[in-house]
Amino acid sequence: MSDSVSIYKLGIYGKAYDVPGTRRAYTYQHQPDNQGAWRIGEAMSIASKAGGGDYIDTGLGLLKQLELKGYGVYELEEAGAPEVQHEPVAVVKENPFCPEGKSDEISAYLPVGTRLYLQSQSSQVNGFPALDEHLRYILGRPNFWCYSLANALRAMGKEIARKAEEEQAAVIHWLLEAYFKHGPGWREAVEKILAAEREKELAKGGDK
């Protein structure tokens, strides 16, 4: 009697020909299909909203949600190169020349002891932010996709000419503002703004 052995493969290539018991491992290079990516993203969203604790609690929470979605985590043989920790370019210190009871301009905003670093070069390209997944999504919005959102922005008081290129430019600019203000949480911020506007419109309709 032989023990059953599971077959592990990378990515989704050839998935349609898998025999029973086949398991697939996914990385960014060897990605899942859209349904799999959705489930992983959903698990990540649930785990991040749970909050509380440190990275250990967050990591365990993510593992729990991934397992509920039918996924797990495996250790790569070679992890990505760790981010280089540079020495701080400055440290906020108390200003001995500042009148007692008052704060100088810097320490009024940054606590004494705060270390200041230059932005990582890996996140910049000639002074511009790297083209990450968020910027790819925003900058890649086609003009027909922008139509409905442009109307929503008009309802919010923004003046946008009724031309496809103008609507596209206004929408992408608005989304970029949200991204640079909220970072990876820009989608949630945009959804909250739009939901609030929809509630206002519904309230106006009910008052008529």
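What percentage of the 208 residues in the protein do buried residues make up? The answer is 19%, and it is worth keeping in mind while walking through this predicted model.

**The whole chain**

Begin with a cartoon view of the entire protein, in which 6 helices and 6 strands can be picked out. Followed from the N terminus, the elements run β-β-α-α-β-β-β-β-α-α-α-α. With the surface switched on, the accessible area comes to about 17000 Å², and 55% of that area belongs to carbon and sulfur atoms. Among contacts with a separation of 6 or more, 38% are accounted for by residues 24 or more positions apart.

**H4 against H5**

Next, select helix H4 (residues 146-155) and helix H5 (residues 164-182). Two packed helices are described by the angle between their axes and the distance between the axes. Here H4 and H5 pack at an angle of about 75°, and their axes lie 9 Å apart, which makes H4 roughly perpendicular to H5. To display the interface, show the side chains of Cys146, Tyr147, Leu149, Ala150, Leu153 and Arg154 in H4, which meet Glu167, Gln168, Ala170, Val171, Trp174 and Leu175 in H5.

Now centre the view on glutamate 167, in helix H5. Is glutamate 167 buried or exposed? At 7% relative accessibility, glutamate 167 counts as buried, because the cut-off for that class is under 20%. Leaving aside residues up to four places away in sequence, glutamate 167 touches Cys146, Tyr147, Ala150, Arg154, Ile160, Ala161 and Arg162.

**Three salt bridges**

Side chains of opposite charge can pair when their charged atoms come close. A search of the whole structure finds 3 salt bridges, and the one at the H4 and H5 interface can be examined without moving the view. Glutamate 167 forms a salt bridge with arginine 154, with the closest N and O atoms 2.8 Å apart. Since glutamate 167 lies in helix H5 and arginine 154 in helix H4, the pair ties together parts that are 13 residues apart in sequence. Both glutamate 167 and arginine 154 are buried.

Move then to lysine 69, which forms a salt bridge with glutamate 42, the closest N and O atoms being 3.1 Å apart. This pair links distant parts of the chain, 27 residues apart: lysine 69 sits in the loop between helix H2 (55-68) and strand E3 (90-91), while glutamate 42 belongs to helix H1 (residues 34-50). Lysine 69 is partly exposed, with a relative accessible area of 23%, and glutamate 42, at 33%, is also counted as partly exposed.

For the remaining stop of this kind, select helix H6 (residues 186-207) and look for lysine 200 and glutamate 197. These two form a salt bridge whose closest N and O atoms are 3.6 Å apart. How many residues apart are lysine 200 and glutamate 197 in helix H6? They are 3 residues apart, so about one helical turn separates them. Lysine 200 has a relative accessible area of 47% and is partly exposed.

**A nonpolar patch**

Finally, return to the surface view and select Ile56, Leu60, Leu63 and Val73, which form a nonpolar patch with about 400 Å² of accessible area together. Within this group, isoleucine 56 is found in helix H2. Its relative accessible area is 58%, so isoleucine 56 is classed as exposed, the cut-off for that class being over 50%.

How values were computed. Residues numbered from 1 in each chain as written. Predicted model: local features only at pLDDT ≥ 70, side-chain atom pairs only at ≥ 80, totals over all residues. Heavy atoms only, no water. Salt bridge = Lys/Arg side-chain N within 4 Å of Asp/Glu carboxyl O. Helix = DSSP H or I, 4+ residues; strand = E, 2+ residues; numbered from the N terminus. Buried < 20%, exposed > 50% of the residue type's maximum accessible area, 1.4 Å probe, protein only. Patch = residues over 30% accessible without salt bridge, like charges linked within 9 Å, V, L, I, M, F, W, Y side chains within 5 Å. Areas by Shrake-Rupley, 256 points an atom, 1.4 Å probe, with all protein chains shown as cover. Axes fitted to C-alpha atoms, helices over the stretch in contact; angles between N-to-C directions. Parallel < 35°, antiparallel > 145°, perpendicular 65-115°, else oblique. Contact = heavy atoms within 4.5 Å.
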